[in-house]
Amino acid sequence: MSILIVNNSRWLNFWLDALKESRPDLKVHVYPYDGPPEEIEFAISWNHPLGAFKQFPNLRCIASTGAGVDHILRDPELPAGVQLTRVVDEDLTNDMATFTTTLVLSHVRGLFSYKVAEATQRWEPKTYQRPKDVKVGVMGVGVLGTETGRQLKALGFNVQGWAKSTKNIESIPVFAGDAGLADFLATSNILICLLPLTKETANILNKTTLSKLPKGAYVINVARGEHLVDADLLEMIDSEHIAGASLDVFRTEPLPEEHPFWAHPKISITPHIASITNPASAVRQILANYDRLKQQKPLLNLVSLTKGY
Ligand code: GLV
């Protein structure tokens, strides 16, 4: 049994090094692979070319190197019976929470608008908002959303969450489902999207939902580009219903040069770096699952193929 790594990103070598360091004796192949396909039972993957896995008849587990698995599930040709796992890691969780709280603080203290003023040497002091007067709505209260909420609360923000179904999270009120969405949106001064990408959540940030936010609300998307209808956000910002947005994820990445988000003074862009898996730390749980698969034990951090998270 050997491991196939399918990852055409710049992080490939970090993963190879981490695997080699943890298990020097392990057989690790890199896709594209032209050895005997039946040898591959375990794959580690990020943004694989669609259809890449269908050639491996014995593939039993695909481990996402990130928190999300939408990049795997969008492949209609996954081998039957394959199990999917994702990374649930302290560094990944804390990195996401510190990044989103940085964005929230930057917005309430006006740092994004001072950056724009600085470019034209304008000295324009403005009043600012204090955390106790701001309510942050976190859409998606899984591991990342819950920690984000917890850190924002510790900074003094009012925090509420929204989830597909009812959830009890200590000291964070959670609105649930379609029935709770309008009230959640109407009271969120800052909206953070941390939802998994599924059929139900694609395009969830659209004209209808964004217009339910209070006037002057700020939008942060650190989940997936497909959650947001780009043209609807631009329209809502240009009509001044939405004050601005910080976006880390996009429908096409890298964000194409000609995309109107780049030049928009009220949109701040980062290149999908909110939370990058630390291979040195996450490789431990991936190898633990490799061992569990061999020993026919239940895998850790399993994803439901029907729910998509
Ligand atoms: C990053 O986008 C991840 O899913 O970990």
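Asparagine 203 is partly exposed, with a relative accessible area of 35%. In this predicted model, asparagine 203 belongs to the loop between strand 9 (190-193) and helix 7 (207-210). Its backbone deserves attention, since phi of asparagine 203 is near 65 degrees, a positive value in a residue other than glycine. A positive phi is also found at glutamine 121, another residue other than glycine, where the angle is near 50 degrees. Glutamine 121 is placed in the loop between helix 4 and strand 6 (135-139). With a relative accessibility of 77%, glutamine 121 counts as exposed, because the threshold for that class is over 50%.

The backbone also contains cis peptide bonds. One of them runs from tyrosine 31 to proline 32, with omega near 0 degrees. Proline 32 is situated in the loop between strand 2 (28-30) and strand 3 (40-46). Another cis peptide bond connects glutamate 253 with proline 254, and its omega is about -5 degrees. Proline 254 is located in the loop between strand 11 and strand 12.

The loop that holds proline 254 also contains an aromatic pair. Which residues form the tilted pair? They are phenylalanine 250 and phenylalanine 261, whose rings are 6.4 Å apart from centre to centre, with 55 degrees between the planes. Both phenylalanine 250 and phenylalanine 261 lie in the loop between strand 11 (242-247) and strand 12 (267-269), so their pairing ties together parts that are eleven residues apart in sequence. Phenylalanine 250 has a relative accessible area of 7% and is therefore buried. Phenylalanine 261, at 1% relative accessibility, likewise counts as buried.

A search of the whole structure finds six aromatic pairs. Among them is a stacked pair formed by phenylalanine 112 and tyrosine 218, at 6.0 Å centre to centre and with 10 degrees between the planes. This pair links distant parts of the chain: phenylalanine 112 is in helix 4 (residues 111-119), tyrosine 218 is in strand 10 (residues 217-221), and 106 residues separate them. Is each partner buried or exposed? Phenylalanine 112 counts as partly exposed, at 24% relative accessibility, whereas tyrosine 218 counts as buried, at 4%. The two fall into separate classes because buried means under 20% relative accessible area.

Aromatic rings also meet charged side chains. Arginine 109 lies over the face of tyrosine 128, 3.6 Å from the ring centre. In another such arrangement, the charged end of arginine 10 sits over the ring of tryptophan 11, at 5.8 Å from its centre.

The next topic is the ligand. Which residues surround the ligand? They are Trp46, Gly66, Ala67, Gly68, Arg224 and His272. Sorted by class, this shell has two nonpolar, three polar and one charged residues. Oxygen atoms of the ligand have polar atoms of the protein close at hand, as the following distances show. A backbone N or O atom of alanine 67 is 2.7 Å from an oxygen atom of the ligand. A polar backbone atom of glycine 68 is 2.8 Å from an oxygen atom of the ligand. From histidine 272, a polar side-chain atom lies 2.7 Å from an oxygen atom of the ligand. How much of the ligand does the protein bury? Taken alone, the ligand exposes 190 Å², and the protein buries 86% of that area.

Another histidine, histidine 71, is part of helix 2 (residues 70-73). Its relative accessible area is 3%, so histidine 71 is buried. The side chain of histidine 71 makes a polar contact with the side chain of serine 64, at 3.0 Å.

A final position to locate is glycine 156, in the loop between helix 5 (143-154) and strand 7 (158-163). At 33% relative accessibility, glycine 156 counts as partly exposed. Measured against serine 281 in sequence, glycine 156 stands 125 residues away, and the C-alpha to C-alpha separation in space is 31 Å.

Notes:
Residues are numbered from 1 along each chain as its sequence is written. This is a predicted model: local features need pLDDT of at least 70, side-chain atom pairs count only at pLDDT 80 or more; totals for chains, interfaces and linings use all residues. Side-chain values use heavy atoms; hydrogens and water are left out. Rings of Phe, Tyr and Trp (its six-membered ring) pair if their centres lie within 6.5 Å; planes under 30 degrees apart count as stacked, over 60 as edge-to-face and the rest as tilted. Helices (H or I, at least four residues) and strands (E, at least two) are DSSP runs, numbered from the N terminus. Buried means under 20% relative accessible area, exposed over 50%, partly exposed in between (1.4 Å probe, protein chains only). A charge sits over a ring if NZ of Lys or CZ of Arg is within 6 Å of the ring centre and within 35 degrees of the ring normal. A residue is near a molecule or strand if one of its heavy atoms lies within 4 Å of it. A polar contact is a pair of N or O atoms within 3.5 Å; within protein, one must be able to donate a hydrogen and the other to accept it, and residues adjacent in sequence count only if both atoms are side-chain atoms. Accessible areas come from the Shrake-Rupley method with a 1.4 Å probe; for residues, only the protein chains shown count as cover. Ala, Val, Leu, Ile, Met, Phe, Trp, Tyr, Cys and Pro count as nonpolar, Asp, Glu, Lys and Arg as charged, and the others, Gly among them, as polar.
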